[in-house]
Amino acid sequence: MSERYTIGEAAKKLQVSTRTLRFYEEKDLVRPAYTEENGYRLYEKDQIRQLELILFLKELGFSLKQIKMLIQDEHGSQSLELLLKEQYQENQRKIEEVSKKQAQIKHLQKIRLSHAVLTNHSVITDIMRKENRLSALRRRMCFLGILLVLGELIGISLLYAFKVQMSVAVIGVTVVGAIALSKYYYDNVEYVCPNCGDVFIPSFLAFNLAPHTPKFRKLTCPKCGKKSYCLEISRE
């Protein structure tokens, strides 16, 4: 005689509730091997295996409708292959969405948000919306910076090759290039005061002289007058 389990024993074995097993029975997914006159449901190993399969597929993200189709389909293995492919793509999409949200949360964690900033929803929205543009700007700056350095090295190499001393003109071109690069970056960024939430653009001189990190610059807010590390965001 094969081993039998009451609904309570089956639920305990599978670590689910008896209500779940009754629900699966109502949905015609897995019925007990026997139902006695007193209403007691008895499950055998075949039903336990089916329930294990259902629970496993549910963990993978399949709907009960999809699982039922697989169980009842004569070509279940082929259907499973197609559904696994679809579910993999769906899970991948969800992973990308969650990763994007995690990146946004991580970015917000780095910002010292004051009450003023938190209550200014438009500021937070702007910060997140402009983050991608700021990243693109920084990539362009790196590229232009590399071009500037390469240009300087080529110029110095040519002067050395022709045994010409570095002239004031070459130094001047280098300085002008660095200033132009700095001005280009300055024209594309603005700052959020962590104290009052005001978005402002400092003077070009203050921008260049201020201590800074990759994401913050120590500036004086024109609205509240406090000097602090302000968050750098992309300008419209």
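Me: Leaving aside its neighbours within four places in sequence, with which residues is Ser-228 in contact?

Reply: The model is a predicted one, and in it Ser-228 touches Pro-194, Asn-195, Arg-217, Lys-218 and Leu-219 once those sequence neighbours are set aside. Ser-228 belongs to strand β7, which covers residues 227–234, and one of the residues just named, Asn-195, is joined to Ser-228 by a polar contact of 3.0 Å between the two side chains.

Me: Is Ser-228 buried or exposed?

Reply: Ser-228 has a relative accessible area of 14% and is buried, because buried means under 20%. For the chain as a whole, 31% of the 236 residues are buried.

Me: How many helices and strands does the chain have, and how should I read its contacts?

Reply: There are nine helices and seven strands. Of the contacts with a separation of 6 or more, 54% are between residues 24 or more positions apart.

Me: Which residues of helix α1 are buried, and how are they arranged around the axis of α1?

Reply: The general idea comes from helix geometry: an α-helix has 3.6 residues a turn, so residues three or four places apart point the same way. In helix α1, residues 7–14, the buried residues are Ile-7, Ala-10, Ala-11 and Leu-14. Viewed down the axis of α1, these fall within an arc of 100°, so they line one face of the helix. Their cover includes β1 (5–6), α2 (18–26), β3 (41–43) and α3 (45–59), and after α1 comes Gln-15, which has a positive phi, near 60°.

Me: How many salt bridges does the structure hold, and what does the one between Arg-41 and Glu-25 tie together?

Reply: As a general idea, side chains of opposite charge can pair when their charged atoms come close. The structure holds eight salt bridges, and in one of them the side chains of Arg-41 and Glu-25 meet at 2.6 Å, N to O. Since Arg-41 is in strand β3 and Glu-25 in helix α2, the pair ties together parts that are 16 residues apart in sequence. Arg-41 is partly exposed, at 23% relative accessibility, whereas Glu-25 is buried, at 13%.

Me: Which residues are joined into one network by salt bridges that share partners?

Reply: Take the two bridges in turn. Glu-90 pairs with Arg-93, their closest N and O atoms lying 2.4 Å apart, and these two residues, three apart in helix α5 (residues 76–109), are separated by about one helical turn. Glu-97 also forms a salt bridge with Arg-93, with 2.5 Å between the closest N and O atoms; being four residues apart in helix α5, Glu-97 and Arg-93 are likewise separated by about one helical turn. Glu-90, Arg-93 and Glu-97 are thus joined into one network by salt bridges that share partners. As for accessibility, Glu-90 is partly exposed at 28%, Arg-93 is partly exposed at 36%, and Glu-97 is partly exposed at 37%.

Me: Which residues form a nonpolar patch on the surface, and from which helix does the largest share of the patch come?

Reply: The accessible surface of the chain is about 16000 Å², and 58% of that area belongs to carbon and sulfur atoms. A nonpolar patch on the surface is formed by Phe-143, Leu-144, Ile-146, Leu-147, Leu-150, Ile-154 and Tyr-184, which together have about 650 Å² of accessible area. Helix α7, residues 121–161, supplies the largest share, six residues. Leu-150, for example, is in helix α7 and counts as partly exposed, at 44% relative accessibility.

Technical notes: Residues numbered from 1 in each chain as written. Predicted model: local features only at pLDDT ≥ 70, side-chain atom pairs only at ≥ 80, totals over all residues. Heavy atoms only, no water. Patch = residues over 30% accessible without salt bridge, like charges linked within 9 Å, V, L, I, M, F, W, Y side chains within 5 Å. Areas by Shrake-Rupley, 256 points an atom, 1.4 Å probe, with all protein chains shown as cover. Salt bridge = Lys/Arg side-chain N within 4 Å of Asp/Glu carboxyl O. Buried < 20%, exposed > 50% of the residue type's maximum accessible area, 1.4 Å probe, protein only. Contact = heavy atoms within 4.5 Å. Arc of directions from axis to C-beta. Polar contact = N/O pair within 3.5 Å; in protein donor to acceptor, adjacent residues only side chain to side chain.
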